[in-house]
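Hi,

Here is the structure I promised to pass on. Have a look at it first, and then read my notes on the aromatic rings below.

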Amino acid sequence: MNVNFLPLLAWPWIAVFAAAALALVGFGFFVRARGMLLRAASGVLLVLALLNPVIHLDEREPVKDIALLVVDHSDSQKLGTRLAETDNAVEALKKRIEEIGNTELRIATVTSGTAQGGGTRGFAALNRALGDVPQSRFAGAIFLTDGEIHDVPEGKALAQLPSPIHGLISGAKTESDRKLVIDHAPEFTLVGQSAKISFHVEDQGGTGAGVPITLTQSGVEPKKLIVSPSAAAEVDVDISHAGKNFISLSAELRPGEISSANNTDLTTINGIRDRLRVLLVSGQPNPGERTWRNLLKADSAVDLVHFTILRPPEKQDGTPVSELSLIPFPTKELFIDKLDKFDLVIFDRYQREVILPDDYIANIADYVKKGGALLVASGPDFAEPDGLASTPLGDVLAAQPVGSVTEVPFKPLLTELGERHPVTQTLKGASRTDPKWGKWFRIIDATPATDDGSTQALMQGPDNKPLLVLRHVEEGRVAQILSDQGWLWARGYDGGGPEAEMLKRIAHWLMKEPELEEERLAAHAQDNDIIIDRYGLGDDYKKVEANSPSAKIHDVPLIKVGPGHFQGRFTPDEPGLYLLRDGKLEAVAGAGNGDAKEQSDLLATTKKLEPVAAATGGGVSWLADGLPRLSKQSPGSSYAGAGWMNLKANGLTRTIAVREWALSTSLFSLAIMLLAASLMWWREGR
């Protein structure tokens with residue numbers, strides 16, 4: 001209640017009237033006139049009437065405080081019974097807050113996500129919820145979580161938090177978990193060298209004994225090792241091919257672990273070639289020889305050694321060096337001592353010559369069998385009795401001559417296999433019936449070297465004669481082009497053709513580039529699904545095995561979407577990295593948010609929220625110990641103790657109505673003034 005004055009006259013006139021009344025009353029007291037007290041009272045009442053006092057009476061009601069529940073529904077909460085414990089606690093808190101009364105409850109739900117670095121962003125959710133909550137109405141926040149929150153404020157940010165903030169932790173105090181973490185792995189490593197991977201294993205709740213580790217790498221037998229828990233460990237991984245090399249390190253599952261999701265960590269190391277070392281062996285001069293040189297020399301990443309102008313090794317006479325037109329070529333060094341240093345050997349229309357003894361050529365055949373790459377561009381000399389097929393190299397060639405040469409105009413065509421093979425499948429203008437490229441005029445008649453599946457004819461000429469043939473020879477690979485007319489494409493004759501692209505793909509296939517493998521598995525995430533692409537030369541592929549982050553295995557069916565291309569799709573039931581397998585083929589894809597931070601720590605804990613609770617006067621307790629008593633209290637420094645936690649009672653109210661009572665115009669005030677005047681007259685009449 002409060003009193004305001006709304007004068008009936010201007011203030012100067014009221015002042016004049018009050019002064020006159022005061023003077024009269026003063027004079028009356030001076031002459032000791034009768035009834036002066038009543039006259040004085042009447043004067044005061046008249047002045048008050050002129051001032052017109054108004055009494056204001058406010059009708060108010062309490063304003064509800066606002067309490068927040070930050071409910072953790074992240075991936076780590078899905079372990080065991082944590083989510084059920086949390087949801088049950090939410091329902092119980094709703095009832096208790098309703099019983100307390102005068103409190104509005106708001107709920108903010110937190111899920112895992114990759115935004116701002118990933119993890120459970122509990123305080124980001126709290127700040128969003130507080131965006132429209134006046135500080136004067138905030139009663140407190142209660143986090144219902146397993147304690148694994150990844151944006152807990154520190155320092156000055158901690159001091160600026162509103163109070164109180166409590167934590168109710170789901171899960172068990174006795175949980176144990178084993179976690180493997182790759183600390184460092186190089187992003188790039190040269191092919192043929194080893195990469196050093198640093199990692200460690202955290203064995204919380206373990207016995208301290210050595211932990212068995214399995215290293216898995218695509219195309220390589222798994223490697224086993226033992227490491228000590230919490231100790232830094234290293235392992236060397238051989239990078240055998242260019243492109244992505246997927247490496248997985250897995251710690252053996254220990255009985256009693258809360259989850260196996262963080263027992264495995266994966267990394268990708270890109271294999272890169274330092275420089276491509278090529279040995280080009282040219283025979284009879286031909287127009288294509290310059291094309292080979294131009295193609296290879298144009299690439300700055302290629303180190304080319306061209307063996308074409310030779311001095312026979314047996315010609316060691318007494319001619320002075322100053323008079324020699326040629327110097328001895330390091331034939332033995334190239335073909336015996338340092339042959340294995342070359343990534344690719346190319347024979348271009350080479351005919352059997354005494355200049356390269358059979359021992360040297362046999363060494364090239366051994367180089368192929370041990371993993372080397374050989375490309376042979378054949379001309380008419382290949383059909384001769386003394387061609388390359390008659391040398392020790394004949395054992396590894398992709399095709400064997402029949403002794404004849406066909407010379408007619410023709411367009412190279414893809415074979416049925418060539419439509420599916422990655423070397424030729426997507427060549428510009430390629431077709432089995434009407435390719436969009438120029439004609440050639442000569443093909444060497446030959447047959448594939450084997451019929452056991454290791455030899456593949458991808459292109460053909462007239463009468464289905466093989467033109468481009470590939471072959472797997474033990475650990476190595478051989479490609480053979482049964483024509484010396486490829487240079488016509490390079491010169492643009494009859495529209496030309498993709499000679500440079502074709503030769504590049506052949507070379508990369510020979511060097512086992514993953515993208516050009518006949519049998520290949522790839523996977524990628526799309527929206528909420530994982531798409532699996534299976535490439536191969538077979539007619540039908542049924543399924544691919546999908547391994548989830550928690551080691552669950554299920555089969556994904558495949559359907560044919562193109563020549564040599566099969567595809568599968570599935571919706572992951574948990575986020576993280578999925579390992580896809582089809583026999584020895586492997587691929588990796590991330591599902592959902594792929595939140596590595598969320599998977600890194602899975603044990604329930606009070607440690608992360610305790611500093612926040614201490615700074616805001618709140619408390620942290622385990623749901624396993626029962627739900628604490630909940631009530632409200634006046635603002636203070638502490639809002640929690642053993643078995644209880646309180647919200648803040650702010651005591652705010654709001655006005656819903658205002659009543660006014662003008663004293664000078666009310667019947668009661670008039671009656672008082674009349675009574676005062678009557679008493680004054682009565683006293684004077686005596």
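**Aromatic rings: what turned up**

Phe335 is buried, with a relative accessibility of 0%. Its partner Phe307 is buried too, also with a relative accessible area of 0%. Keep in mind that this is a predicted model.

So how do you describe two rings sitting together? A pair of aromatic rings is described by the distance of the centres and the angle of the planes. In total there are 10 aromatic pairs here. For Phe307 and Phe335, the centres are 5.0 Å apart and the planes are at 85°, which is over the 60 degree cut-off, so we call this pair edge-to-face. Phe307 belongs to strand E16 (residues 302-307) and Phe335 to helix H7 (residues 331-337), so the pair ties together parts that are 28 residues apart in sequence.

Now try Trp440 and Trp489. Their ring centres are 4.9 Å apart with the planes at 55°, so this pair counts as tilted. Where do the two sit in the chain? Trp440 is in the loop between strand E20 (413-414) and strand E21 (443-448), while Trp489 is in helix H9 (residues 487-490), so to speak a link between distant parts of the chain, 49 residues apart. Trp440 is buried at 1% relative accessible area, and Trp489 is buried at 3%.

These two tryptophans also belong to one aromatic cluster, together with Phe410 and Trp437.

One last thing to find on screen: the charged end of Arg477 sits over the ring of Trp509, 4.9 Å from the ring centre.

Cheers

Technical notes:
Residues numbered from 1 in each chain as written. Predicted model: local features only at pLDDT ≥ 70, side-chain atom pairs only at ≥ 80, totals over all residues. Heavy atoms only, no water. Phe/Tyr/Trp six-rings, centres within 6.5 Å; stacked < 30°, edge-to-face > 60°. Helix = DSSP H or I, 4+ residues; strand = E, 2+ residues; numbered from the N terminus. Buried < 20%, exposed > 50% of the residue type's maximum accessible area, 1.4 Å probe, protein only. Lys NZ or Arg CZ within 6 Å of the ring centre and 35° of its normal.
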